[in-house]
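Biologist: I would like to learn how to read a protein model feature by feature, beginning with a single residue and its surroundings. Could you take me through it slowly?

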Amino acid sequence: MNIAVTGEGIISAIGFNKQEVLRSLIAGESGIGRLKHLQSVHHELPVGEVDLANEQMKEMLGIPVSQMMSRTALMGTIAVRQALRDAGISVDDILARKKKGESLRIALVSGTTVGGMDITELYFDHIAEDDNVSFLRHHDCGSCTNTMTDYFGIFTEVTTLSTACSSAANAIMFGARLLKDHQADIVIAGGTESLSRFHLNGFNSLMILDHERCRPFDATRAGLNLGEGAAFVVLESEESANKRGVNVHAYITGYGNACDAYHQTASSEDGEGAYLAMKEALDMAHLTPKDIQYVNAHGTGTPNNDQSESVSLHRIFGDELPLISSTKSFTGHTTSASGSIEAVICILAMQNHFVPANLGWAHQMEKGITPTLGKQSVTLENVLCNSFGFGGNDSALLFSAHPTTIEEPVETGKDIKVLSRVELTSEEQLEDIRKYVKPLEARRMGKIMKSSLLSSLEALSQAGVEKPDAIITGTMYGCLEYSERLLEQMKEEGETMLKPTYFMQSTHNTIGSNIAIKTHCHGYNVTYTQGTESLSWALRDAEMLLKEGKAKTVLVGCHDESTPFFNSLLKRDGAEEQPSIHAIAMVLSCGE
C-alpha cells in the first residue's frame with residue numbers, strides 16, 4: 001500500500017499556517033526571539049514562541065474564553081483543523097454521513113510530552129488554598145489529545161505517543177502502519193507542544209540552552225532554543241486519495257525507529273540509534289543513500305547532538321552527503337512537535353523546489369557535516385526527516401515525490417504468544433531491584449523507574465529472553481514523583497538552580513529508554529499514554545510489529561505510580577485514588 005499525504009496543518013513561530021511558514025522559510029526569517037507569552041523570569045533565553053495568546057487562539061476556534069484548555073491542545077486543534085481543510089475533508093459532511101450510518105474510520109494519532117503542564121503549573125503555586133482542582137483533567141498527555149478530539153467529533157479512534165522529541169515522528173509512523181494494517185481509512189497524525197516553565201527550566205537545568213540564537217552544526221554552537229507549535233498531516237492510501245479526487249502532496253515511502261540505548265539525555269559518539277533509524281527508512285523504501293537529495297536534520301545546536309548526528313550521517317552517506325540543514329534555527333526546538341513540524345517543512349520544500357537554510361551557520365565544526373545555507377530551484381525526489389528524543393529514541397521519516405513500486409509482504413498466519421507476565425503492586429517488592437542494579441544506582445532511581453525495570457527484567461528472565469527485539473511501553477501519568485518534585489522546587493525556590501535529575505526522570509519515555517539501556521536493546525521503542533487505554537495501545541502495536549515480521553520478541557509494559565499529594569488532589573476532584581506503584585510487564589512472541 002502506498003501511503004499518501006494529502007493535507008498539512010502547521011502553527012509555529014514562523015507562521016500560523018503553511019503559507020506563512022513557506023514565506024518565512026524562503027525569506028530566511030527566523031521566529032526566535034524574546035519571551036512574550038510565557039510568564040517566566042528567563043527573558044535571557046531566546047525562544048521560538050507562537051505569537052498568539054491563548055485567548056486569541058480560542059477566538060480563532062470559536063471556543064469560549066472561559067473554557068479551560070491547555071495551550072498544547074489549542075495549537076494542536078488549530079493544526080488539525082488546517083490539515084483537514086487542506087485535504088478536502090469536511091467535518092460537517094463526515095458527521096452527516098455518521099448520522100446516516102455510513103462508516104469512515106478516521107484515527108487521530110498525536111505526539112506530546114508536555115500535555116497540559118502549562119495549566120498545571122499555573123495552579124500549582126496556590127494549589128493548597130484553591131478548591132478548584134479541575135485542571136487535573138487536562139494534565140496528562142492523553143487528556144490533551146482527547147480535548148482535541150472532542151472539538152471535531154469525527155474521530156473513531158484516538159491515541160497519544162510520548163517519546164520526547166521524536167513523539168510526532170513516531171505518531172506519523174504509527175499512523176502509516178495503521179493504514180497498512182487496514183485498521184483505519186484515514187489517519188490524522190502529528191504532534192503538539194507548548195512552552196511551559198516546567199519545560200523551559202527543565203532544559204535549562206541540563207545546561208543545554210543557548211543564550212543567543214541557536215547555530216546548529218556550527219563550531220561555536222552552544223545549545224538549543226526551545227520552541228512551541230503543532231503540525232499534523234492527513235494520511236491515507238493512494239487508492240483512497242484517488243477515490244476522493246484529491247491531490248497527493250507526498251508519499252511516505254520509508255520510516256525507521258531505533259533506540260540508541262546509551263544515555264537518558266545524551267547521544268552516543270557513534271550515533272548508532274540515528275544510523276539504524278535512517279538505514280531502516282532507506283531499506284524500507286528500497287532506496288540507496290544516493291537517492292536522497294535532502295536531509296532535514298534533527299540538528300538541535302547542542303555540542304553532543306550535532307557531533308553524534310554528523311557521525312551517523314557520514315555512516316549512512318559516506319563522503320557524498322546530500323544537502324543537509326536544520327530548521328530549528330527558524331522555529332526553535334519544538335520538542336515533541338518537531339517531527340511533524342519539520343515533516344511539513346520537508347513537504348513544502350519538495351513542492352516548492354527549495355532547500356531551507358541552516359540559519360546562523362558560519363564556522364565549520366571539526367568532523368561535522370557542512371550544512372547548506374539554502375538552495376533554490378532544486379528537485380527533491382526523496383527527503384529524509386530526522387527526529388531524535390531523550391533516551392535515544394531515534395526516528396527517521398522518508399518522504400518521496402512518487403510512490404514506491406515494491407509492495408512489502410505482510411506476515412500472516414501467526415499466533416501471538418505471551419511468554420511471561422509479571423505484575424508489581426507494592427513498594428515492598430521493589431527491594432528485589434538490587435538483583436539487577438547496584439545499591440547506589442537504585443537509590444538514584446524513582447519508584448516508577450525501579451518498578452518498571454524490575455518487572456521488565458523479571459519478565460524477560462521468565463521468558464528466557466536476554467534481549468527483546470522491541471520495547472513498547474504504556475503509562476497513564478508517567479513519572480509523577482519527579483515531576484511533582486520539580487514543580488515543588490520551582491514553587492519553593494524559584495526558577496534557578498533546579499535539579500536536572502528531576503527533569504531527566506520526568507519524561508514518559510524515560511521508562512522505556514531506561515529498560516533499553518539496561519538490556520542493550522537498539523530495537524523499536526515507543527511509549528503510549530492514552531489514559532486507561534495505554535496498555536491496550538501498547539499491546540496492539542506489539543501485535544502489529546510481530547505480524548509485520550519486524551520483531552520476534554517484544555517486551556510490553558504498562559507502568560504507573562502515584563504520590564500522597566497526587567492522590568489528595570484526585571480525592572478532592574472526586575476521582576479514584578491511584579496505587580503507589582503498579583507495573584505490568586510481559587514478553588510477547590509470534591509463533592507459526
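Modeller: Let us begin with one residue and the company it keeps, remembering throughout that this is a predicted model. Leaving aside residues up to four places away in sequence, isoleucine 448 touches Thr475, Gly478, Cys479, Ile511, His559, Asp560 and Glu561. Isoleucine 448 has its place in helix α16, which covers residues 447-463.

Biologist: Is isoleucine 448 buried or exposed?

Modeller: The relative accessible area of isoleucine 448 is 2%, and because buried means under 20%, isoleucine 448 counts as buried.

Biologist: How should I think about groups of buried residues, and which residues touch the most other members of the largest nonpolar core?

Modeller: The general idea is that in soluble globular proteins nonpolar side chains tend to be buried together. Here the largest nonpolar core has 70 residues, and those touching the most other members are Val187, Leu235, Phe399, Ile472, Tyr528 and Val554. Helix α14 (residues 338-352) gives the most to this core, with nine residues. If we take valine 187 as an example and do not count residues up to four places away in sequence, we find that it touches Ala107, Val109, Gly175, Leu178, Leu179, Val233, Val234 and Leu235. There is also a second, separate core of 36 residues, which includes Leu209, Met476, Leu480 and Leu498.

Biologist: Which residues are buried in helix α1, and how do I read their arrangement around the axis?

Modeller: The general idea is that an α-helix has 3.6 residues a turn, so residues three or four places apart point the same way. In helix α1 (residues 18-27), the buried residues are Lys18, Val21, Leu22, Ser24 and Leu25. These lie on the same side of α1 because they cover an arc of only 165 degrees around the axis. The elements that cover them include β1 (3-11), α3 (71-86), α13 (328-331), α14 and β9 (354-355).

Biologist: How many cavities of 30 Å³ or more does the structure hold, and what lines the largest cavity?

Modeller: The structure holds four cavities of that volume or more, and the largest cavity has a volume of about 280 Å³. Its lining consists of 22 residues, of which Thr113, Val114, Phe198, Ser506 and Thr507 lie nearest the centre. By character, the lining of the largest cavity divides into 11 nonpolar, nine polar and two charged residues. Helix α9 (residues 197-205) gives the most to this lining, with three residues.

Biologist: And which residues lie nearest the centre of the second largest cavity?

Modeller: The second largest cavity, with about 150 Å³ of space, is lined by 14 residues, of which Thr120, Phe124, Leu480, Leu487 and Phe566 lie nearest its centre. Helices α5 (117-124), α6 (136-139), α17 (480-493) and α21 (564-572) each supply at least two residues of this lining, and α17 gives the most, with four. Leu480 therefore links two parts of our tour, being a member of the second core and one of the residues nearest the centre of this cavity.Biologist: Where do lysine 367 and methionine 497 lie, and what is said of their phi angles?

Modeller: Lysine 367 lies in the loop between β9 and β10 (375-376), and has a positive phi of about 60 degrees although it is not a glycine. Methionine 497 lies in the loop between α17 and α18 (500-504), and its phi is positive too, at about 55 degrees, although methionine 497 is not a glycine. Lysine 367 counts as exposed at 67% relative accessibility, and methionine 497 is exposed with a relative accessible area of 75%.

Terms used: Residues numbered from 1 in each chain as written. Predicted model: local features only at pLDDT ≥ 70, side-chain atom pairs only at ≥ 80, totals over all residues. Heavy atoms only, no water. Core = buried A, V, L, I, M, F, W, Y, C linked by side-chain atoms within 4.5 Å. Buried < 20%, exposed > 50% of the residue type's maximum accessible area, 1.4 Å probe, protein only. Contact = heavy atoms within 4.5 Å. 1 Å grid on protein atoms, 1.4 Å probe; cavity = no way out; pocket = protein on both sides within 12 Å on 5 of 7 lines; lining within 4 Å. Points joined across faces, edges and corners; volume = space filled by probe spheres on them. Nonpolar A, V, L, I, M, F, W, Y, C, P; charged D, E, K, R; others polar. Arc of directions from axis to C-beta.
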